[in-house]
Every structure is written in C-alpha cells, then in structure tokens.
Amino acid sequence: MYEMSRNETPLEVVRWLTGQATGAWPAILGSLSLRRSPCIRENCPACQSGEQHPSYVLYGRLKGRRFSVYVPEELVPEVRRCLDNGRAVQELLYEAAPRYIKALKRERAMAGRRATS
C-alpha cells in the first residue's frame, strides 16, 4: 500500500494510479471454476464411473446478469493471470477512491481560501 502525502493533488493521485496499473493488463473480473458434467454418449466410461468430464468455465456479471464462458484448458493459465491482474486493479481502484476524494476536497478548500483572501 502506498503512503499518501497530506498535500497530494488529484492529478498526483491520477498519475500514481496510472503508474501502478501500467503492468496490470490484460485484466478481467470474474471467477474461474473447474466443473464436471456428463456427456451425451451412452455407456461413457467416465460418466458411468461418476468421474464425468472436466471443463473450465469463467463466471462473471455484466449489467446485473450472470454469464459463463467455456475456457479451453490450454488457456487456463492466461485466464488466471488476467484474473489476478483484475483483482490487483480492483484493489488499486479501492485505494485510489478515498485518496482522490480527499485530494479534491483539499483542492476545493484551498480554492475557497484563495478566493476569500
């Protein structure tokens, strides 16, 4: 976590956020799950044994609706990396929010002091 300056300006917060997020792309939000499901083949050994067929799925939300997308096994490492980046960017945004608001309020207070002087 970055130690903020008491006199940080909104522009400095934006520059900090931009610098921190530079290496965090591509970034996605959601969750990756391994699911097991039966197939449609009769007498499938995997299904009959209860093992079923594994596949990865990305779950997320878009405009309040849940979605799921099949992820081929060879893409799983890249999707995990993108999810890690997404969580890192989300944490940066949570950290930036109060800093930016405080900087805006300081800027407004300073402008008010200058106007009354």
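**An exposed turn, paired strands and a nonpolar patch**

K63 counts as exposed because its relative accessibility is 82%, where exposed means over 50% relative accessible area, buried under 20% and partly exposed in between (1.4 Å probe, protein chains only). The structure is a predicted model, in which local features need pLDDT of at least 70 and side-chain atom pairs count only at pLDDT 80 or more, while totals for chains, interfaces and linings use all residues. Residues are numbered from 1 along each chain as its sequence is written, and side-chain values use heavy atoms, with hydrogens and water left out.

K63 is found in the loop between β2 (53-62) and β3 (65-71); strands here are DSSP runs of E with at least two residues, and helices are runs of H or I with at least four, numbered from the N terminus. β2 and β3 form a hairpin with two residues between them. Although K63 is not a glycine, its phi is positive, at about 55 degrees. Most residues other than glycine have a negative phi, and most peptide bonds are trans.

The two strands of this hairpin run antiparallel and are joined by seven bridges; strands are said to pair if DSSP finds at least two bridges between them. Within this pairing, G60 has F67 in β3 as its bridge partner. On β1 (31-37), the pairing is with β2: these strands are also antiparallel, with seven bridges. Here S31 stands opposite Y59 in β2.

Two further backbone features lie in loops. N43, in the loop between β1 and α2 (45-49), is a residue other than glycine with a positive phi, near 55 degrees. N43 counts as exposed because its relative accessibility is 58%. P26 is found in the loop between α1 and β1, and the peptide bond from W25 to P26 is cis, with omega near -5 degrees.

The surface also carries a nonpolar patch, formed by L11, V14, Y100, I101 and L104, with about 400 Å² of accessible area together. Patches consist of residues with over 30% relative accessible area and no salt bridge, with like charges joined within 9 Å and nonpolar side chains (Val, Leu, Ile, Met, Phe, Trp, Tyr) within 5 Å. A salt bridge is a side-chain nitrogen of Lys or Arg within 4 Å of a carboxyl oxygen of Asp or Glu, and accessible areas come from the Shrake-Rupley method with a 1.4 Å probe, where for residues only the protein chains shown count as cover. Helices α1 (10-21) and α3 (76-116) each supply at least two residues of the patch, and α3 gives the most, with three residues. L104 lies in α3 and counts as partly exposed because its relative accessibility is 31%.
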